[in-house]
Each structure stands twice: as structure tokens, then as C-alpha cells.
Amino acid sequence: MVDWAQGLAKGYDASRPLNILRPTTENIKAASRIIQRGGVVVMPTETVYGLACNALDENAVQHVFAIKGRPADNPLIVHISSESDLERVASVIPPICHELAKRFWPGPLTLVLPKRAEVPYRTTAGLDTVAVRVPGHAVARALIQESGCLLAAPSANLFTQLSPTCAEDVDPRIVEQVGMVLDGGPCSVGLESTVLDLSGDEPQILRPGGVSRAEIQAVIGQPLGIVPPPSVRKSPGLYRRHYAPRAVVRLVERLRHGQPGLTFAHSEDPCQIHMPSEPRAYAANLYSALKKLDDMGCDEIGVELPPDGALWEAVLDRLRKAAAV
Ligand code: TXA
Ligand code: MG
């Protein structure tokens, strides 16, 4: 499996787990061998880190569910290295799919399409559709290519917890159960991909994310419907409380003096983290900021509500889910 001495030879911090490695060509090769043998690897993507395995290997997929503690009714996203691999997973590819792929791939847009028989129901949680995307991080694409596998990869967090946006933020309970963590640096997007369902009559956003509603509408030339309430959602992964730190999250207008949390103001208080007022920059910093406050031992985190504008849709979705009880 992993050459454990490698970490030491490269002069790594001894306090770091030895299976967190830089994505050198050698390490990507070693990671791809782990995948080919049915193992699990944490890989960087531009959105969040993912817990990757061969999407067509039922046992490996089951292992990923077990590591995350994820209910079996929550399907995984299949990661491919280029649009040409779509045919390996999807049985019907509508013309709009190619247009969206051309505009947004590689990138944070996941498309839901009717699945091919080769994609196991364990991967799609019993659905006849499959979610697929080409990740924007070169290391993720290199791992897909080197392994020759399609990679099923949920976010590399424990069920309902915060997704990691850097290798250091991957929960040690996950690190110890995987063959390797490829450290690709901080994720540039910082929030999960937008999940767009193309399997029904009309395209529909199932989860807002790294690509905005307006950007998608500009390509499909029509307004997209609003996500229906949880009881009727097609995407079983959309639980009410999700993306949550250990601390209780409260959405507030303004942080009180001394209240730990995320603020748009500048504060001297180390427990009040200044957040950017531009939505993409805010998104890129959100999970790591919440994690930092969690690690400081805060029991309650106040989060100043961003404006309700369209560009904040994905951030507001995550904040509401983190604050749900
Ligand atoms: O940015 C991302 O999407 C990250 C990185 C690692 O690629 N992955 C990620 O995966 O967020 P996960 O498993 O944490 O979230 C996948 C979402 C869930 O909400 C799930 O319900 C939905 O995609 N999904 C997956 N397959 C689906 C399908 N066939 N139909 C509807 N929704 C699906
Ligand atoms: Mg997730």
C-alpha cells in the first residue's frame, strides 16, 4: 500500500499522520494503486476534499459509506476526468448536458442523468440516475486518469459534519481509515458543487453550490425552479441539519460584544473571525472558519447573516443547514 517512509523522507512534520502526502507523481501513482485494489483515498477537489474509491466496485463504495457513517439512501457523485467519459456512466445525455459541460467542466457543477447498468445501485443509493462531474482540481483528474477508474467521492467529512477544505481539516477518524490523503492545498471554491438534475422534464437545482443559479440559467436560457421542501425532494442527501460544526450555530444580525462567531466587521477579538463581503471569497473561507471556532472550543457560534442576494444562495443554504436543529 503506502510507502510509510515516504512522509519522513520528504521531511514532513512528525506530528502529521504519515499517510497525508504531497501529490507528487509517485504519490498519485501509489494512490491510484490503492483505488485499483478497492481501497479508499482522500483527494483534493476545488470544492471540498472527497473520499474517493472506484465507483463501479460495490465493496469499495460500501466501505466509503461505512467510513463516513452515511446512510445508504444518500447517493454518491461519480467523478470523471473529462466529458468524454460521460458515456461510461450515463445512458441518456441530452444536448443541454453537453452545453453545460462545455461551459462549466472542469468545475463545481454536478449533473444528474439516467444511469448506465454498469453503475451499481449501491453508488446511486438505489436510484436509476447518477450524479456526475469533472472536478476542477488537477490532482483529482490525475488520480482518475492514473487509476483508470471512475471515482465515487462524497465529501470527506463524517455524516452531517463540516466538509474539509484543506488536508489538515480532514477528521483524524477518517484519516486513519483511508490508504492515503493527497494534500492538494486549500480548496479554491470551498463549498460543494451545485447539483443540477437533468433527468426530469425540466432542469432543477437539487443543491445550490459553486456554480450560481444565474450562471446556469444563462446557458439553459430559462429560469430554474426553486428546490422543493425536503419531504418531496428527489435528492435524499438533502438532510435538514448538515454541514454543521460541533458547536451550535445561531444566525444573527450582528455579533454581540465577546460573542464568538463570524462577522463582517473588523474585530480584535480572536473568537470573532472577519469574513469577506464578496460571496465567493466568503464561501472559500466558511468551513475553515467554522472549524477554527470549533477547535477553539466554542460551544456556540454566531454567524452574521449575509445579504439575501442571488449570489449568496449557496452560502445561505449551508448556513441555514448548519444552524438547523
Ligand atoms: O463538491 C462536491 O460535490 C463534493 C466533491 C468531493 O466533489 N462532493 C460532495 O458529495 O459534496 P456528497 O456525497 O457530500 O454530496 C452529494 C450530493 C448529495 O446531496 C446527494 O444526495 C446528491 O449529491 N446526489 C448524488 N447522486 C444523486 C442522484 N442520483 N440524484 C440526486 N441527487 C444525487
Ligand atoms: Mg457531503
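A residue is taken as buried when its relative accessible area is under 20%. In the predicted model described here, Asp317 has a relative accessibility of 15% and therefore counts as buried. This residue lies in helix α11, where its side chain makes a polar contact of 2.9 Å with the side chain of Lys321. Lys321 is likewise listed among the buried residues of α11, so that both partners of this contact belong to the covered part of the helix, given that each falls under the 20% limit.

Helix α11, which spans residues 313-323, is mostly covered, with eight of its 11 residues buried. Besides Asp317 and Lys321, the buried set comprises Ala314, Val315, Leu316, Arg318, Leu319 and Ala322, and it thus includes charged residues such as Arg318 alongside aliphatic ones such as Leu316. The elements against which these buried residues pack are the strands β10 (204-207), β11 (248-252) and β14 (300-304), together with helix α10 (279-295).

Two of these strands, β11 and β14, are members of an open sheet of four strands, which is arranged in the order β11-β14-β12-β13 with parallel pairing. The edges of the sheet are formed by β11 and β13 (272-274), each of which has a single partner strand, so that one side of each is left without a neighbour in the sheet. On average, and with direction ignored, neighbouring strands of this sheet are turned by 25° against each other. Helix α11 packs on the sheet through contacts with β11 and β14, and the direction of the helix makes about 130° with that of β11. Towards the other edge, strand β12 (residues 261-263) runs parallel to β13 and is joined to it by three bridges, and within this pairing Thr263 has His274 of β13 as its bridge partner.

Aromatic residues were examined next. Three aromatic pairs are found in a search of the whole structure. One of them is formed by Phe264 and Trp312 in an edge-to-face arrangement, with 6.2 Å from centre to centre and 90° between the planes. This pair links distant parts of the chain, since Phe264 is located in the loop between β12 and β13 whereas Trp312 is located in the loop between β14 and α11, 48 residues apart. The two rings belong to residues of unlike accessibility: Phe264, at 22%, counts as partly exposed, while Trp312, at 5%, counts as buried. Together with Tyr282, both residues form one aromatic cluster.

A further part of the model is centred on strand β5 (residues 109-114), which is mostly covered, five of its six residues being buried. In general, the strands of a sheet pair through backbone hydrogen bonds, in either the parallel or the antiparallel sense. Both senses are represented around β5. With strand β9 (residues 194-197), β5 pairs in the parallel sense over four bridges, and Val112 has Asp197 of β9 as its bridge partner. With strand β6 (residues 129-133), β5 runs antiparallel and is joined by four bridges, one position of this pairing being marked by Pro114, whose bridge partner in β6 is Thr129. Elsewhere in the model, the charged end of Lys115 sits over the ring of Tyr121, at 4.2 Å from the centre of that ring.

Terms used. Residues numbered from 1 in each chain as written. Chains lettered and ligands numbered in written order. Predicted model: local features only at pLDDT ≥ 70, side-chain atom pairs only at ≥ 80, totals over all residues. Heavy atoms only, no water. Buried < 20%, exposed > 50% of the residue type's maximum accessible area, 1.4 Å probe, protein only. Helix = DSSP H or I, 4+ residues; strand = E, 2+ residues; numbered from the N terminus. Contact = heavy atoms within 4.5 Å. Pairing = 2+ DSSP bridges. Axes fitted to C-alpha atoms, helices over the stretch in contact; angles between N-to-C directions. Polar contact = N/O pair within 3.5 Å; in protein donor to acceptor, adjacent residues only side chain to side chain. Phe/Tyr/Trp six-rings, centres within 6.5 Å; stacked < 30°, edge-to-face > 60°. Lys NZ or Arg CZ within 6 Å of the ring centre and 35° of its normal.
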